[in-house]
Amino acid sequence: PSVNTTRDLLSIQHDLLQMADQGKEYVAMEVSSHALDQGRVDGLTFDTVLYTNLSQDHLDYHKTLSAYAAAKQKLFEFPELKRAVFNLADPVVLDTCKKIYELRSEEVEIWGYSSGLEPYDILPIQKQVWLAEGPLYTESGIALTLVIAGEPLKLTTPLIGAFNIENLMAVLALLTSLGIEPEKLVKCCSQLQPPPGRMQKLNVHGAAHVIIDYAHTPAGLKAALGALKPLCSGQLWCVFGCGGERDIEKRGLMGQAASEFADRIILTADNSRSEPTENIIADICSRLTPEEKSRLRIEEDRRAAIYFALREAKLTDWVLIAGKGHEDTQIINGKTIFFSDQAVVESYFASLAEDGRADRSAVASEGPCN
């Protein structure tokens, strides 16, 4: 467990030494923009780097999107870099790709992936992955055909959402660049499960579909809801809040994102920290029209908000509980308490089963659980 996405420099070196002593050959590390800006990864040798996207987040620290992008671009300045993988469908990432291609293509192998068009249409990159056919979305996952290093391959995966197609392409491009055969990788895709709190589906007999996701930015919330909307034959519910003492601007944008896709919205607390939850909720509502506000319910107590959605949602409905994902704590009024969205969902249906009010005795989580 780590407090930060990317640990401090000495801790990273300690961890890498332990891994080397254990015979590990590969390390996949998430490198945050904060870490790049603060020099936490200085002195490391990165073999391959992957740039997925950039959206509004962390502006309480970086202040502007351009400064945020500049911090991320530092990841491609390491002199020993051998390979770089870019999401060419993201305009900011594409801009960085063009710069790296112009400056370092002779020394760095450039890979691109795109869900919208062949990368040849953008840059003369020979190394690439793109969507050739599909996708077909179902409640049980996705089926599609990708072209990986020139070879069309069909794959299926139980992961949900268009953004997971981009994630798959990113990883397939990266691992193919390391020399792993694409056919072997495609077979693995059918066995993938989401990590805890990342589009994690909780199956309950005789109840609405429940998804727990970490989406805590406008783009993240829009992607999660957009993935569920085509699968939902009933109403799409969204339970979420925004963190206190963080970027205020994104709150209203998240309200708009929820209103664009969700039929029913319940605003509640996330990690309010020392801010009053009611003020944060007011910011979320700031960009909404009176009609959009009519679809809202405000319930500051997060447990009560989740319980309300589960109680009111019908069998054909989908309920997205967003913002905290895998987290098992909540910071309210400056105090940290235990809180798990998954545990709340399980306790709700367990209480129904004990009361004999429904045949909801089993909660089967698709994917690993804490």
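This is a short talk that walks through one predicted model, from its six-stranded sheet to its largest nonpolar core.

Hi everyone, and thanks for coming. Please keep in mind that we are looking at a predicted model. Let's start with the sheet.

The sheet is open and has six strands, in the order 1-2-3-4-5-6, with mixed pairing. Its edges are strand 1, residues 48-51, and strand 6, residues 151-157, each of which pairs on one side only. Going from one strand to the next, the twist averages 20°. A quick reminder for anyone new to this: strands of a sheet pair through backbone hydrogen bonds, either parallel or antiparallel.

Now follow the chain through strands 4, 5 and 6. Strand 4 and strand 5 are antiparallel partners, with seven bridges, and a hairpin of two residues joins them. Tyr137 has Ile142 of strand 5 as its bridge partner. On the other side, strand 5, residues 141-148, pairs with strand 6, again in the antiparallel sense and over seven bridges. Here Ile142 has Thr157 of strand 6 as its bridge partner, while Ile148 stands opposite Glu151. Strands 5 and 6 also form a hairpin, with two residues between them, and Ala149 in that turn has a positive phi of about 50°.

So is strand 5 enclosed or open to the outside? It is largely enclosed by the rest of the structure, because seven of its eight residues are buried.

What packs on this sheet? Helix 6, residues 162-177, does: it touches strand 1, strand 2, strand 3, strand 4, strand 5 and strand 6, and its direction makes about 155° with that of strand 3.

Let's move along the chain to the largest nonpolar core. This core has 31 residues, and those with the most contacts inside it are Leu221, Leu225, Leu228, Cys238, Phe240, Leu267 and Leu320. Two or more residues each come from helix 8, strand 9, helix 9, strand 10, helix 10 and strand 12. Which of these elements gives the most? That is helix 8, with five residues. There is also a second, separate core of 25 residues, with Leu44, Tyr51, Phe76 and Leu88 among them.

Cys238 is a good place to stand and look around the largest core. Leaving aside neighbours within four places in sequence, Cys238 is in contact with Leu221, Leu225, Ala258, Ala262, Arg264, Ile265, Ile266 and Leu320.

Helix 8 deserves a closer look too. Its buried residues are Pro218, Leu221, Ala224, Leu225, Ala227 and Leu228. The cover over them includes helix 6, which we have just met on the sheet, along with strand 8, strand 9, helix 9 and strand 12.

How do helix 8 and helix 9 sit together? Their axes come within 8 Å and cross at roughly 10°. That makes the two helices roughly parallel. At the meeting point, helix 8 brings Pro218, Leu221, Lys222, Leu225 and Gly226, and helix 9 brings Lys250, Leu253, Met254, Ala257, Ala258, Glu260 and Phe261.

Helix 9 is also part of the path between two strands. Strand 9 and strand 10 are parallel partners, with four bridges, and Val239 stands opposite Ile266 of strand 10. The chain runs from strand 9 through helix 9 to strand 10, in a right-handed β-α-β crossover. Strand 10 pairs with strand 11, residues 296-298, as well, in the parallel sense and over three bridges. There, the bridge partner of Leu267 is Ile298 in strand 11.

Ile298 leads us to helix 10, where Glu278 is found. These two residues are 20 residues apart along the chain, with 9.0 Å between their C-alpha atoms. Glu278 counts as exposed, because its relative accessibility is 53%.

Last stop: backbone angles. Most residues other than glycine have a negative phi. Glu245 has a positive one, near 60°, and lies in the loop between strand 9 and helix 9. With a relative accessibility of 41%, Glu245 counts as partly exposed. Asn333 also has a positive phi, near 55°, and lies in the loop between strand 13 and strand 14. Asn333 is exposed, at 63% relative accessible area.

That's the tour. Thanks for listening!

Terms used. Residues numbered from 1 in each chain as written. Predicted model: local features only at pLDDT ≥ 70, side-chain atom pairs only at ≥ 80, totals over all residues. Heavy atoms only, no water. Core = buried A, V, L, I, M, F, W, Y, C linked by side-chain atoms within 4.5 Å. Buried < 20%, exposed > 50% of the residue type's maximum accessible area, 1.4 Å probe, protein only. Contact = heavy atoms within 4.5 Å. Pairing = 2+ DSSP bridges. Right-handed = clockwise from strand over helix to strand, strands pointing away. Axes fitted to C-alpha atoms, helices over the stretch in contact; angles between N-to-C directions. Parallel < 35°, antiparallel > 145°, perpendicular 65-115°, else oblique.
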